[in-house]
Each structure stands twice: as structure tokens, then as C-alpha cells.
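Here are some exercises with worked solutions. Keep the sequence and the structure in view as you work.

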Amino acid sequence: MKIKYYLFDGDEYIGIFSRYEIAMMINCNHKTVEKYAQNGTKYQGRYTFQRINADLLDLLEEWDTVRINVLKKLGERAC
């Protein structure tokens, strides 16, 4: 199972990254990211991490792509 994290700087959404990528970006240890995500506290009073299952994220993105393609095909038939 691939684990990724949502990264927020205050209330601003930054993106989805691995704990190693986040650690490099904000100059901390990768274990710090995991620890703060588990506790739900802000790192250095500003960064928030939320753990997500990247495998599930991949499935949701694939579903969205298929869903949009089906809706487009249905729309073409209605014209």
C-alpha cells in the first residue's frame, strides 16, 4: 500500500506528496511527517499533514476518468 500525505501550509493546500518529499521540502525528518499526521498537530506552528492511501487515490482518479468518458459518449449520442 502506497502512503501519501496532503500538505497544508496554514489553511493553504500545497499538494499530495510522500513523507520523504515533504521532509525535503520543509527540511525535517520523514518520521516527523508521520508523527504529526498521526497526532493531527501543526509542525512548526504552520504545516499540517493528512495521511491518505495513494492506492485508493489512484482508483478514484481512474474512476473519474472513466466516468467523464462515459458521460461524454452519452452526450454525443443525445445530439
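What covers the buried residues of H1? Start with the ground rules. This is a predicted model, where local features need pLDDT of at least 70, side-chain atom pairs count only at pLDDT 80 or more, and totals for chains, interfaces and linings use all residues. Residues are numbered from 1 along each chain as its sequence is written, and side-chain values use heavy atoms, with hydrogens and water left out.

**Exercise 1. Find the cover of H1.**

Step 1. Fix the names. Helices (H or I, at least four residues) and strands (E, at least two) are DSSP runs, numbered from the N terminus. H1 spans residues 19–26.

Step 2. Fix the burial terms. Buried means under 20% relative accessible area, exposed over 50%, and partly exposed in between (1.4 Å probe, protein chains only).

Step 3. List the buried residues. In H1 they are Ile22, Ala23 and Ile26. Seen down the axis of H1, they fall within an arc of 100 degrees, so they line one face of the helix. The arc is that of the directions from the helix axis to the C-beta atoms.

Step 4. Name the cover. It includes E1, E2, H2 and E3.

**Exercise 2. Describe how H1 meets H2.**

Step 1. Recall the method. Two packed helices are described by the angle between their axes and the distance between the axes.

Step 2. Take the values. The axes of H1 and H2 come within 7 Å and cross at roughly 110 degrees. Axes are lines fitted to C-alpha atoms, for helices over the stretch in contact, and angles run from 0 to 180 degrees between N-to-C directions.

Step 3. Classify the angle. Under 35 degrees counts as roughly parallel, over 145 as roughly antiparallel, 65 to 115 as roughly perpendicular and the rest as oblique. H1 and H2 are therefore roughly perpendicular to each other.

Step 4. List the residues in contact (heavy atoms within 4.5 Å). H1 gives Arg19, Tyr20, Ile22 and Ala23, while H2 gives His30, Val33 and Glu34.

Step 5. Sort them by class. The contact has four nonpolar, one polar and two charged residues. Here Ala, Val, Leu, Ile, Met, Phe, Trp, Tyr, Cys and Pro count as nonpolar, Asp, Glu, Lys and Arg as charged, and the others, Gly among them, as polar.

**Exercise 3. Tell the two sides of H2 apart.**

Step 1. Find the buried side. Thr32, Val33 and Ala37 are buried in H2. They cover an arc of only 130 degrees around the axis, which puts them on the same side of H2.

Step 2. See what they pack against. The partners are E1, H1 and E3.

Step 3. Turn to the face that points away from the buried side. It carries the exposed residues Lys31 and Gln38.

**Exercise 4. How many salt bridges are there, and what do they join?**

Step 1. Apply the rule. A salt bridge is a side-chain nitrogen of Lys or Arg within 4 Å of a carboxyl oxygen of Asp or Glu. The count comes to three.

Step 2. Take Asp9 and Arg46. Their closest N and O atoms are 2.6 Å apart. Asp9 lies in strand E1 (residues 3–9) and Arg46 in the loop between helix H2 (30–39) and strand E3 (47–53), so the pair ties together parts that are 37 residues apart in sequence.

Step 3. Take Arg19 and Glu34. They meet at 2.4 Å, N to O. Arg19 is in H1 and Glu34 in H2, so this bridge ties together parts 15 residues apart in sequence. Arg19 is partly exposed at 22%, and Glu34 is partly exposed at 23%.

Step 4. Take Arg67 and Asp64. The N to O distance is 2.6 Å. Both lie in helix H3 (residues 54–78), three residues apart, about one turn of the helix.

**Exercise 5. Find residues other than glycine with a positive phi.**

Step 1. Look just after H1. Asn27 has a phi of about 60 degrees and is not a glycine. Asn27 lies in the loop between H1 and H2 and is exposed at 68% relative accessibility.

Step 2. Look between H2 and E3. The loop there holds Gln44, whose phi is near 55 degrees. Gln44 counts as exposed, at 54% relative accessibility.
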